[in-house]
Amino acid sequence: VTVAAPLAREVNEWDEYVGRFEASRTVEVRPRVSGAVTAIHFKDGAIVQAGQLLFTIDPRPFTAALAEARAGLASAQSDLALARSDLDRAQRLVSVEAVSKSDVERLQARVRAATALVAAAEARVRARALDVEFTQVRAPISGRVSDRRVDIGNLVSGGEGSTASLLTTVNKLDPIYFNFDASEALYLKSQRDKENGGAVEVRLQDEADYNHKGRLDFTDNGLDPRSGTIRIRAVFDNPGNFLTPGLFGNMRLANGGKAKALLVPDEAIQSDQARKTVLVVDKDDS
C-alpha cells in the first residue's frame with residue numbers, strides 16, 4: 001500500500017461551465033449584381049484575406065451599360081457648353097439692348113437645366129461603374145471560406161439582403177468566441193468578487209488539461225426569465241485557426257477567490273456513486 005502525505009496549498013477557485021466555440025464574425029457572400037458566374041478564384045475551405053477575389057460574374061452587359069452612360073454624359077456636357085456659350089453671347093448683347101432681359105433669363109434657366117442633366121449623367125456613370133466593380137465578388141473579411149454554393153456557368157441573382165443568391169460564407173476565426181450560459185447564482189458570485197475575474201481556460205473533449213487561455217469580453221444585459229441563466233462570452237486568440245466554430249469545450253472561470261486546501265494524488269480518490277472518498281491512515285498505520 002502506498003501512502004502519501006497531503007500537500008497544503010492555497011488554490012484558486014474556479015467555476016466550471018460547458019460551452020461552444022463560435023466565429024467572431026460570419027459573413028454571407030452574396031452578389032450585388034445578377035449574371036452568369038464565369039470564374040471561381042478560391043479553394044473550398046481555404047483561408048482568404050479581406051479583399052481577395054472569390055467569384056467573377058460576366059461583366060460584358062455592365063461594361064456596355066457603362067459605355068452608354070459615358071456617352072450620355074458626353075452629350076449632356078456638350079449641351080451644357082452650348083447653353084453657356086449662348087448665355088455669354090446674350091449677356092454681351094444686353095448692354096446694347098440687342099437682347100431682351102427675358103431672353104437672358106431663359107438662357108440662364110437653360111444653363112441650370114443643362115447643369116442638372118450633367119450631374120444626373122455623372123451619377124449614372126458612377127452607378128454603372130459600381131455595377132462593373134460588383135461583377136468581381138471579393139471577400140469582405142479575412143477568415144476561412146466555406147465551400148462554393150454555385151459552379152461556373154450558373155446564373156445568380158443580385159440584390160440586397162437574402163433575396164440575392166448565396167455564393168459562400170466566410171468565418172473569422174482569429175480571435176474566436178466561446179459562448180456559455182451561467183446560472184444566476186454563479187453570475188452573482190462572479191459580480192461580487194472581481195479581483196481576478198475574467199480569466200478563463202478551456203479544455204477540449206480530447207484534452208486532459210486546460211490548454212486554451214482566454215478572457216471574458218461580453219455579458220448579456222439580462223437573465224433569461226425562463227431558464228434563469230445569462231449568456232456570457234469569452235474571446236480566445238486562435239493564430240493557427242485550430243479552434244473552429246461548433247466545438248464543445250469544458251471551461252473554467254476564475255472567480256477571484258482563493259482557498260486553503262489539502263492536495264492528494266488523483267489515484268487516492270475513490271468514487272462511490274455521487275460521492276468522492278479518500279482513505280486516511282493514522283499514526284498507528286490503522
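Strands β9 and β10 run antiparallel to each other, paired over 4 bridges. That's a good place to step into this structure, which is a predicted model. From there you can follow the strand pairings, then look at an open sheet of 4 strands, a nonpolar core of 18 residues and a set of 14 salt bridges.

**Following the strands from β9 onward**

- Within the β9 and β10 pair, Glu-201 has Lys-213 in β10 as its bridge partner.
- Those two residues also form a salt bridge, with their closest N and O atoms 3.1 Å apart.
- Glu-201 sits in β9 (residues 199-204) and Lys-213 in β10 (residues 212-219), so to speak linking distant parts of the chain, 12 residues apart.
- Is Glu-201 buried or exposed? Glu-201 counts as buried because its relative accessibility is 13%, which falls under the 20% cut-off.
- Lys-213, on the other hand, counts as exposed, at 52% relative accessibility.
- Next along, β10 pairs with β11, again in the antiparallel sense, this time over 5 bridges.
- In that pairing, Gly-214 stands opposite Phe-236 of β11.
- β11 (residues 229-236) is also joined to β8, by 8 bridges, and the two run antiparallel.
- Here Asn-179 faces Arg-233 in β11.
- β8 (residues 168-183) has a further antiparallel pairing, over 2 bridges, with the short run β6 (residues 143-145).- In that pairing, Arg-144 stands opposite Asn-171 of β8.

**An open sheet of 4 strands**

- The order of the strands in this open sheet is β5-β4-β2-β7, and their pairing is antiparallel.
- Which strands stand at the edges? They are β5 (136-138) and β7 (155-156); each has a single partner strand, so one side of each is left without a neighbour in the sheet.
- β2 (residues 35-40) pairs with β4 (residues 53-57) over 3 bridges, in the antiparallel sense.
- Ala-39 is found opposite Thr-56 of β4 in this pairing.
- As a bit of background, strands of a sheet pair through backbone hydrogen bonds, and they can do so in a parallel or an antiparallel way.

**The nonpolar cores**

- The largest nonpolar core holds 18 residues, and Leu-54, Phe-55 and Leu-167 have the most contacts inside it.
- Two elements, β1 (7-29) and β4, each give two or more residues to this core.
- Which element provides the largest share of the core? That is β4, with 3 residues.
- If you set aside its neighbours within four places in sequence, Leu-54 is in contact with residues including Val-29, Ala-39, Ile-40, Phe-42, Val-48 and Val-137.
- Another core, of 17 residues, lies apart from that one, and Tyr-17, Val-202, Leu-204 and Leu-253 are among its members.

**More salt bridges**

- How many salt bridges turn up in the whole structure? The search finds 14.
- In general, side chains of opposite charge can pair when their charged atoms come close.
- One of the salt bridges joins Asp-44 and Arg-148, whose closest N and O atoms are 3.5 Å apart.
- Asp-44 lies in the loop between β2 and β3 (47-48), while Arg-148 lies in the loop between β6 and β7, so the pair ties together parts that are 104 residues apart in sequence.
- Both residues count as partly exposed: Asp-44 at 41% relative accessibility, and Arg-148 at 34%.
- Asp-44 and Arg-148 also belong, with Asp-151, to a network of salt bridges.
- Another salt bridge brings together the side chains of Arg-106 and Asp-103, at 1.9 Å from N to O.
- This pair lies within helix α2 (residues 101-134), with the two residues 3 apart, or about one turn of the helix.
- Arg-106 is exposed, with a relative accessible area of 51%, whereas Asp-103 counts as partly exposed at 28% relative accessibility.

**A nonpolar patch on the surface**

- Which residues make the nonpolar surface patch of about 330 Å²? Val-264, Ile-269, Val-278 and Val-280 do.
- Val-264 is found in the loop between β12 (248-263) and β13 (269-272).
- With a relative accessible area of 33%, Val-264 is partly exposed.

Definitions and conventions: Residues are numbered from 1 along each chain as its sequence is written. This is a predicted model: local features need pLDDT of at least 70, side-chain atom pairs count only at pLDDT 80 or more; totals for chains, interfaces and linings use all residues. Side-chain values use heavy atoms; hydrogens and water are left out. Two strands pair if DSSP finds at least two bridges between them. Patches are made of residues with over 30% relative accessible area and no salt bridge: like charges are joined within 9 Å, nonpolar side chains (Val, Leu, Ile, Met, Phe, Trp, Tyr) within 5 Å. Accessible areas come from the Shrake-Rupley method with a 1.4 Å probe; for residues, only the protein chains shown count as cover. A salt bridge is a side-chain nitrogen of Lys or Arg within 4 Å of a carboxyl oxygen of Asp or Glu. Buried means under 20% relative accessible area, exposed over 50%, partly exposed in between (1.4 Å probe, protein chains only). A nonpolar core is a set of buried Ala, Val, Leu, Ile, Met, Phe, Trp, Tyr and Cys residues joined through side-chain atoms within 4.5 Å. Contact means heavy atoms within 4.5 Å.
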